[in-house]
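Here is a short report for a first look at this structure. Keep the sequence and the model side by side while reading.

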Amino acid sequence: MIMELVGKGDSLKLKFAAALAACALAFGVAVSVSDSAFAYDYSQGNWGDESYASFAYASDVSYTDAREKRNDSSSWDACTGGAEHTVEVAAVGITWNVWFVDSPIYPWKAGRSGYLLNNVKERGFPNAILWFNNHNSYNTTLYGVWSPDSI
């Protein structure tokens, strides 16, 4: 089909070269469009660690201050003190409403650090918090550093 565009009087070699060039051009355009359409600039992520100290009564919850979530990467938490607890990343809208967005709940304790998967940005929320659940029968203050984006 592409060879017909070259014309009937040209040699087979020229027709083949024109067809090959047209395919290469189409492939190059497709790759260029797909790279720019799906590429995400993670360099602007909110990955700077900030400290937290979050007090939780026995069998109760606590949370960090809300921070801007700039991309769809996982969050980061490094707990440095406090009792065993669970942690998940929750979403906060423009006004202070906490939304649970099907992020995994992780068992956590002092000395543990790692990436926390979450769906904050994917669900269209601008801010994230760490939501702690103290399952113990005593009060505790949880200490650490965290960032809403890991990259």
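Which residue in β9 does Tyr63 stand opposite? Tyr63 stands opposite Trp131.

## Ground rules

This is a predicted model: local features need pLDDT of at least 70, side-chain atom pairs count only at pLDDT 80 or more, and totals for chains, interfaces and linings use all residues. Residues are numbered from 1 along each chain as its sequence is written, and side-chain values use heavy atoms, with hydrogens and water left out.

## Strand β9 and its partners

Strand β9 covers residues 127-134. Strands here are DSSP runs of E, at least two residues long, numbered from the N terminus. In β9, 7 of the 8 residues are buried (under 20% relative accessible area, 1.4 Å probe, protein chains only). The strand is therefore largely enclosed by the rest of the structure.

Two strands pair if DSSP finds at least two bridges between them. Strand β2 (residues 60-63) is joined to β9 by 4 bridges, and the two run antiparallel. Strand β3 (residues 67-68) has 2 bridges to β9, again antiparallel. Here Arg67 has Ala128 as its bridge partner. Strand β5 (residues 85-92) is joined to β9 by 7 bridges, also antiparallel. Ala90 is partnered there by Ile129.

## Aromatic pairs

The whole structure holds 8 aromatic pairs. Rings of Phe, Tyr and Trp (its six-membered ring) pair if their centres lie within 6.5 Å; planes under 30 degrees apart count as stacked, over 60 as edge-to-face and the rest as tilted. One pair joins Tyr63 and Trp96: it is tilted, 5.6 Å centre to centre, with 40 degrees between the planes. Tyr63 lies in strand β2 and Trp96 in the loop between β5 and β6 (98-99), so the pair ties together parts that are 33 residues apart in sequence. Tyr63 is partly exposed (between 20% and 50%) at 39% relative accessibility. Trp96 is partly exposed too, at 44%. Tyr63, Trp96, Phe100 and Trp131 form one aromatic cluster.

How far apart are the ring centres of Trp76 and Tyr115? They lie 5.0 Å apart, with planes at 65 degrees, so this pair is edge-to-face. Trp76 sits in strand β4 (residues 75-81) and Tyr115 in strand β8 (residues 113-116), 39 residues apart. Trp76 is partly exposed at 22%. Tyr115 is exposed (over 50%), with 52% relative accessibility.

## Around Tyr115 and Arg67

Leaving aside neighbours within four places in sequence, Tyr115 is in contact (heavy atoms within 4.5 Å) with Ser74, Ser75, Trp76, Tyr106 and Ser150. Tyr115 and Asp149 are 34 residues apart in sequence, yet 9.3 Å apart in space, C-alpha to C-alpha.

Arg67 has a ring partner. Its charged end sits over the ring of Trp146, 5.5 Å from the centre. For Arg, that term requires CZ within 6 Å of the ring centre and within 35 degrees of the ring normal.

## The open sheet

An open sheet of 4 strands runs in the order β1-β10-β4-β8, with antiparallel pairing. Its edge strands are β1 (50-56) and β8, each pairing on one side only. Neighbouring strands are turned by 30 degrees against each other on average, direction ignored. Axes for such angles are lines fitted to C-alpha atoms, and angles run from 0 to 180 degrees between N-to-C directions.

Inside this sheet, 5 bridges join β4 to strand β10 (residues 140-147). Gly81 stands opposite Tyr143 in β10.
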